[in-house]
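Student: Could we go through this model together? I would like to see how each label follows from a value.

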Amino acid sequence: MTLDAAVRVGRDDFTLDVRLTVAGGETVAVLGPNGAGKTTLLRALAGLEEMQGRVSLDEKVLDDSDAGIHVPAERRRVGLVFQDHVLFPHLTVLENVAFGLRSLRRPNAVESARRWLADAGLSDKAGALPRSLSGGQAQRVALLRALATEPRLLLLDEPLSALDVSIRAEVRRELARQLASFRGTRLLVTHDPLEAIALANTLVVLERGSVVQSGTPDEVTARPRSRFVADLAGVNLLRGLAAGDHVLLGDGSSLAAAGAGTGDVFAVIHPRAVAIYRNRPDGTPRNVWPGSVDSVDLQGDRARVRIKGAVPLVAEVTPGAVRELNLVAGAAVWVAVKATEVSTYPA
Amino acid sequence: MRRARVPAPIGLLAGLGLLLFLLPLAGLVVRAPWGQTATALGDQSTAVALGLSVFCSLTATAIALVLGIPLAVILARTRGPLRNVLRALTTLPMVLPPVVGGVALLLAFGRRGLVGSILNQAFGVQIPFTTAAAVMAETFVAMPFLVIAVEAGIRSLDHRYEEAARSLGAGYWTVFVRVTLPLLRPAIFSGAVLCWARALGEFGATITFAGNFPGRTQTVPIAVYLALESRPEAAITLSLVLLAVSIAILVGMRDRWLGAL
């Protein structure tokens with residue numbers, strides 16, 4: 001079951017334009033900051049949003065604006081799990097799960113809903129109303145409700161973000177297990193990289209309505225193409241014009257980089273490769289810039305020091321170094337990066 | 001927080017306003033022939049008027065539910081100038097003097113009326129001065145209360161419930177019957193109660209369009225008005241009945257109204 005989608009949704013202040021292919025049995029996570037258009041994309045795929053373009057599942061065309069084809073949401077066999085679950089408040093858990101089966105006029109809708117609940121260990125909640133469920137239970141019931149109709153495509157909108165942080169890990173494991181046993185095509189959207197990496201084999205990074213990057217989690221984080229991805233990978237991302245052994249950055253400073261190549265490039269510097277000095281260092285690093293400490297984040301046995309200046313960078317050092325160098329906000333420092341620690345790739 | 005001091009003139013005027021509400025009610029209760037309530041209620045003509053009022057108001061409410069909910073759906077789910085005109089027309093009976101409504105009904109459904117003449121010639125059906133006319137008059141005046149309440153209910157509905165139902169394979173009717181209507185139950189209920197209360201008290205349009213025929217069109221408000229001359233104790237007793245119904249409605253819906261205070 002392969003999803004092939006080219007979705008364009010135009011709004012007054014925002015345009016979503018996404019091409020996407022998801023192979024059957026694969027879980028793709030669309031990852032992006034809030035407002036990137038993730039939910040709009042899901043709604044368009046579910047047939048709930050006015051869109052241009054073409055959406056097909058295997059041979060079956062669900063949307064084709066050129067050919068005037070639009071399969072209404074109720075005939076798509078696309079399961080949608082909403083961020084805040086949207087369980088029917090007036091129906092019991094059992095009736096919620098049986099709802100789709102009844103709507104599709106499947107025989108024995110109630111019995112098979114009961115089986116779904118039993119398999120998920122939720123039998124004791126069958127007669128309960130959704131408002132009496134915990135967040136985790138509601139999430140599982142919402143997923144069962146969608147899975148019970150045996151959709152060909154399963155769409156999940158921020159499946160864990162409505163949940164308490166304390167139970168997320170547990171629900172995430174359960175969700176990963178259930179996704180693995182679902183045979184159709186799976187697409188989830190999230191702004192949480194952890195959720196994306198834990199649940200999906202392929203990431204598609206969406207920013208301001210367009211795909212900026214896609215690939216396996218490793219591929220995406222190894223070569224960030226946006227600030228959002230760089231932040232989630234925890235690396236410094238710079239962009240400029242490469243000329244042989246250096247990159248000319250936007251503000252006029254020059255970054256020495258081994259084998260920078262030519263043209264518009266991204267340059268990634270791992271925070272571990274950024275050294276901090278109180279006095280101007282005199283040594284091999286080709287890149288030495290003055291700056292001042294912006295903030296210090298202690299994370300266990302490491303400290304992330306954000307430095308502002310001509311070239312803003314994040315450095316990762318030990319808490320001991322922070323104490324010895326007295327790295328407090330506003331402190332004047334020098335940063336140094338060896339040219340061999342800068343990796344570049346075409347933008 | 002310190003309580004705001006209320007200037008004397010405002011307190012005085014507010015007190016006068018309150019008296020205007022309370023004194024008539026006190027008069028009704030004080031002058032009621034409590035000893036003869038049972039006899040007055042048991043009186044043949046009183047019982048007939050009560051029965052007719054209950055039948056007409058409930059029928060009017062039922063018709064308002066069947067016709068008013070779809071109307072509310074259309075008003076809530078469409079846009080544009082046409083809808084605004086439709087909405088104004090629907091709510092017109094709320095501000096229109098009921099007697100004008102009665103005249104209008106007569107001109108439409110009367111024997112020589114717009115539709116009435118056709119009904120009369122083609123089918124020999126005459127609506128005015130029948131029980132059906134009383135029901136129509138009450139529906140005309142009371143239905144807007146239901147439409148307004150249900151329309152507001154639809155507008156405040158989270159439409160994602162309906163979207164979730166659609167994504168689960170439910171077509172328009174299944175969504176409407178199994179999701180939309182159940183979620184609208186509170187709005188439909190309060191709208192129906194308001195509509196019924198208005199229908200029960202209807203006087204002007206009913207007496208104009210349906211007249212005053214005991215057992216056919218003489219509902220309680222009309223009976224009260226006419227009995228005031230000849231049998232004041234019966235008029236007072238029937239008034240007490242209507243007052244009790246109003247208080248019961250107010251108490252029954254206290255969560256919705258008093259809760260907002």
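Tutor: Gladly. Let's begin with the two domains of chain A: their C-alpha centres lie 36 Å apart. Keep in mind that this is a predicted model.

Student: Which residues belong to each domain of chain A?

Tutor: Domain 1 takes in 3-87 + 133-230, and domain 2 covers 234-346. Five residues of domain 1 of chain A are in contact with six of domain 2 of chain A. On the domain 1 side, the touching residues are two nonpolar, no polar and three charged.

Student: What makes two residues count as being in contact?

Tutor: Their C-beta atoms, placed from the backbone, have to lie within 7 Å. By that test, 17 residues of chain A are in contact with 15 residues of chain B. In chain A, β7 (78-81) and α2 (93-103) each supply at least two residues of that side. The classes on the chain A side are ten nonpolar, five polar and two charged.

Student: What is the secondary structure of chain B?

Tutor: Chain B has 14 helices and zero strands. Its C-alpha atoms fill a box of roughly 75 × 65 × 35 Å along the principal axes. Of its 261 residues, 36% count as buried. Among contacts in chain B between residues at least 6 apart in sequence, 74% join residues at least 24 apart.

Student: Why is helix α8 of chain B called largely enclosed?

Tutor: A residue is buried if 20 or more other C-beta atoms lie within 10 Å of its own. Seven of the eight residues of α8(B), residues 160-167, are buried, so the helix is largely enclosed by the rest of the structure. Among them are B:Tyr161, B:Glu162, B:Glu163 and B:Arg166.

Student: What do those buried residues pack against?

Tutor: They pack against β7 and α2 of chain A, together with α9 (172-183) of chain B. After α8(B) comes B:Gly169, with a positive phi near 100°.

Student: Back to chain A: why do β12 and β19 count as edge strands?

Tutor: The open sheet runs in the order β12-β13-β19 (chain A), with antiparallel pairing. β12 (236-249) and β19 (342-346) each have a single partner strand, so one side of each is left without a neighbour in the sheet. From one strand to the next, the twist averages 45°.

Student: How do you know that β13 and β19 of chain A are paired?

Tutor: Pairing takes at least two bridges between the strands. β13 (residues 254-269) and β19(A) have five bridges in the antiparallel sense, so the criterion is met. You can also find A:Phe266 opposite A:Tyr345 of β19(A).

Student: What makes the phi of A:Asn108 worth a look?

Tutor: Most residues other than glycine have a negative phi. A:Asn108 is not a glycine, yet its phi is positive, near 55°. A:Asn108 sits in the loop between α2 and α3 (109-119) of chain A.

Student: Is A:Asn108 buried or exposed?

Tutor: Exposed means 12 or fewer other C-beta atoms within 10 Å. A:Asn108 has 11 C-beta neighbours inside 10 Å, so A:Asn108 counts as exposed.

Student: And what about A:Asn326: buried or exposed?

Tutor: A:Asn326 has 9 other C-beta atoms within 10 Å, so A:Asn326 is exposed. A:Asn326 also has a positive phi of about 55° without being a glycine. You will find A:Asn326 in the loop between α9 (319-324) and β18 (332-337) of chain A.

Terms used: Residues numbered from 1 in each chain as written. Chains lettered and ligands numbered in written order. Predicted model: local features only at pLDDT ≥ 70, side-chain atom pairs only at ≥ 80, totals over all residues. Domains from an automatic or database assignment. Nonpolar A, V, L, I, M, F, W, Y, C, P; charged D, E, K, R; others polar. Helix = DSSP H or I, 4+ residues; strand = E, 2+ residues; numbered from the N terminus. Axes fitted to C-alpha atoms, helices over the stretch in contact; angles between N-to-C directions.
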